[in-house]
Amino acid sequence: MPSATSTTSALVDLKGLLPEQLRALAIDLGEPAYRGDQLFTWIQQQGECSLAAMTNLPKRFREGLMAAGASVSHLQLLERRDSATGMAVKFLFEAEAGQIESVLIVDGDRRTACLSSQVGCALDCKFCATGRMGFKRNLGAGQIVDQLLQLHAAAAEHGDRVTNIVMMGMGEPLLNYDEVTQALRIIRHGDGPTAGPAVGGRRITISTAGYLPGILRLTEDDLNVGLAISLNATTDAIRERLMPINRKWPIADLLRAARGYFERKGRRVTFEYVLMDGVTDSDEDATRLAVLTRSLPCKINIIPYNELGASPGVEAVAFEDFRRPPKSRIEAFVRRLRESTGHTVTLRESRGSDIGAACGQLYRQQETRTREQPASVGVAG
Ligand code: SAH
């Protein structure tokens with residue numbers, strides 16, 4: 001668990017602290033412990049970012065916090081776009097050293113917040129827009145929580161609340177392990193009927209490109225969340241070409257780790273599989289994927305590739321040669337997989353492609369508008 005001072009700036013971000021850490025801070029400042037709980041309520045449930053506005057806290061406590069360099073982070077919203085379909089809302093935030101995006105996805109009764117963990121990403125997956133940016137920096141726990149608070153406030157405009165969280169925005173969450181797990185612990189806290197966006201561990205999923213040390217660490221962690229692994233290929237030769245991380249931790253390692261996660265946590269891992277025309281969508285791929293996962297309790301989520309030129313009226317930007325397969329091929333792949341495995345196989349529909357909220361789209365729009373800064377925004381959700 002990160003200490004109170006482990007955020008990237010010199011300031012203590014109170015939004016990134018658990019109730020027990022806030023209680024310890026209160027005691028340090030000569031206040032009773034319950035002042036820490038009051039702070040937590042103000043920040044996480046009332047969404048208050050100004051210490052001055054927390055009027056039921058003694059002035060000397062608030063001044064003591066400020067003198068100690070404490071503040072409450074709040075990401076500046078640069079742009080919000082609501083999909084005409086009402087199925088997605090995309091948020092573009094300013095974070096130090098770049099911008100990040102988060103997406104609120106509407107699906108039946110579900111309101112899923114897709115959150116970013118890093119500004120940019122170091123893993124260089126060839127099909128992913130974020131990979132082009134390179135790595136800029138890790139987000140602090142408070143900045144991850146803040147994305148959720150802002151999305152939650154947007155959901156509340158319609159009388160809704162966020163019900164699910166996926167760490168599938170920008171970045172590799174397991175390469176920012178401490179801050180991501182700290183954020184999820186804060187979010188899980190007080191799971192129940194509170195005014196805040198508390199979401200239970202069963203409705204939280206961390207998605208990884210396959211950073212094995214992180215998967216093993218999460219397996220041993222007492223934080224109980226869902227795990228998704230972006231498999232995206234059925235042979236190491238193809239996967240290496242798409243995802244350089246495969247050279248270090250190939251498919252067999254990931255399958256073994258997924259089994260370990262299931263055995264330890266009792267939760268089936270989800271394999272994400274992006275369908276790219278002529279690259280990952282053959283009948284042989286479907287058969288191999290079935291064989292690879294046959295004896296493994298898991299779920300499979302098929303994601304048709306989102307092309308950068310996919311939304312109408314927006315100039316396309318060349319991005320490697322990846323294409324979304326035709327609909328018939330996507331359906332055939334899913335059918336074959338369903339027929340040959342007992343797994344739950346889901347097909348992820350892209351919501352909000354009209355606002356550039358689907359995987360890989362935001363980057364293109366940013367690049368089209370400001371070509372002199374081509375790598376400023378990416379999305380991988
Ligand atoms: N780094 C993590 C989380 C971010 S990516 C991971 O790799 O899992 C979230 C998902 O989006 C991954 O499964 C990734 O393979 C997928 N993805 C990235 N770019 C995409 C694109 N252009 N179209 C469809 N899916 C994409």
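Contact here means heavy atoms within 4.5 Å. With that criterion, 65% of the contacts between residues at least 6 apart in sequence join residues at least 24 apart in the protein chain. The model on display is predicted.

**The whole chain**

Begin with the entire protein chain in cartoon representation. Its secondary structure comes to 11 helices and 14 strands. Of its 381 residues, 57% are buried. Switching to a surface view shows an exposed area of about 15,600 Å², of which carbon and sulfur atoms supply 50%.

**The sheet**

Next, select the strands of the open sheet, which number 10 and follow the order β3-β4-β5-β6-β9-β10-β11-β12-β13-β14 with mixed pairing. At its edges stand β3 (76–82) and β14 (344–347); each has a single partner strand, so one side of each is left without a neighbour in the sheet. Neighbouring strands are turned by 20° against each other on average, direction ignored.

Within this sheet, turn to residues 204–208 and 226–230. These are strands β10 and β11, which pair in the parallel sense over four bridges. Displaying threonine 208 shows isoleucine 229 of β11 standing opposite.

Now add residues 141–156, helix α4. This helix lies across β3, β4 (88–95), β5 (98–107), β6 (110–114) and β9 (164–167), and runs at about 40° to β5.

**Salt bridges on β3 and beyond**

The structure as a whole contains 21 salt bridges. Side chains of opposite charge can pair when their charged atoms come close. Return to the edge strand β3 (76–82) and show its charged side chains. Arginine 81 forms a salt bridge with glutamate 79, with 2.8 Å between the closest N and O atoms. Arginine 81 is partly exposed, at 26% relative accessibility. A second salt bridge joins aspartate 82 to arginine 80, at 2.9 Å from N to O. Both of these partners are partly exposed: aspartate 82 has a relative accessibility of 42%, and arginine 80 has a relative accessible area of 29%.

Then select aspartate 221 and arginine 185, whose salt bridge brings the closest N and O atoms to 2.5 Å. This pair links distant parts of the chain, 36 residues apart: aspartate 221 belongs to the loop between α6 (212–220) and β11, whereas arginine 185 belongs to helix α5 (residues 177–188). Is each partner buried or partly exposed? The cut-off for burial is under 20% relative accessible area. Aspartate 221, at 15%, is therefore buried, while arginine 185, at 22% relative accessibility, counts as partly exposed. A further selection, Glu31, Arg35 and Arg60, reveals one network of salt bridges that share partners.

**Helix α3**

Arg60 leads to the last stop, helix α3, residues 59–67. Which residues of this helix are buried? They are Phe61, Arg62, Gly64 and Leu65. Viewed down the axis of α3, these buried residues fall within an arc of 160°, so they line one face of the helix. The face turned away from the buried side carries the exposed residues Lys59, Arg60 and Ala67.

To see what covers the buried residues of α3, display its surroundings, including α1 (19–28), α2 (34–45) and β2 (70–71). Finally, centre on glycine 69, just after α3, where phi is positive at about 85°.

Conventions. Residues numbered from 1 in each chain as written. Predicted model: local features only at pLDDT ≥ 70, side-chain atom pairs only at ≥ 80, totals over all residues. Heavy atoms only, no water. Pairing = 2+ DSSP bridges. Helix = DSSP H or I, 4+ residues; strand = E, 2+ residues; numbered from the N terminus. Axes fitted to C-alpha atoms, helices over the stretch in contact; angles between N-to-C directions. Salt bridge = Lys/Arg side-chain N within 4 Å of Asp/Glu carboxyl O. Buried < 20%, exposed > 50% of the residue type's maximum accessible area, 1.4 Å probe, protein only. Arc of directions from axis to C-beta. Areas by Shrake-Rupley, 256 points an atom, 1.4 Å probe, with all protein chains shown as cover.
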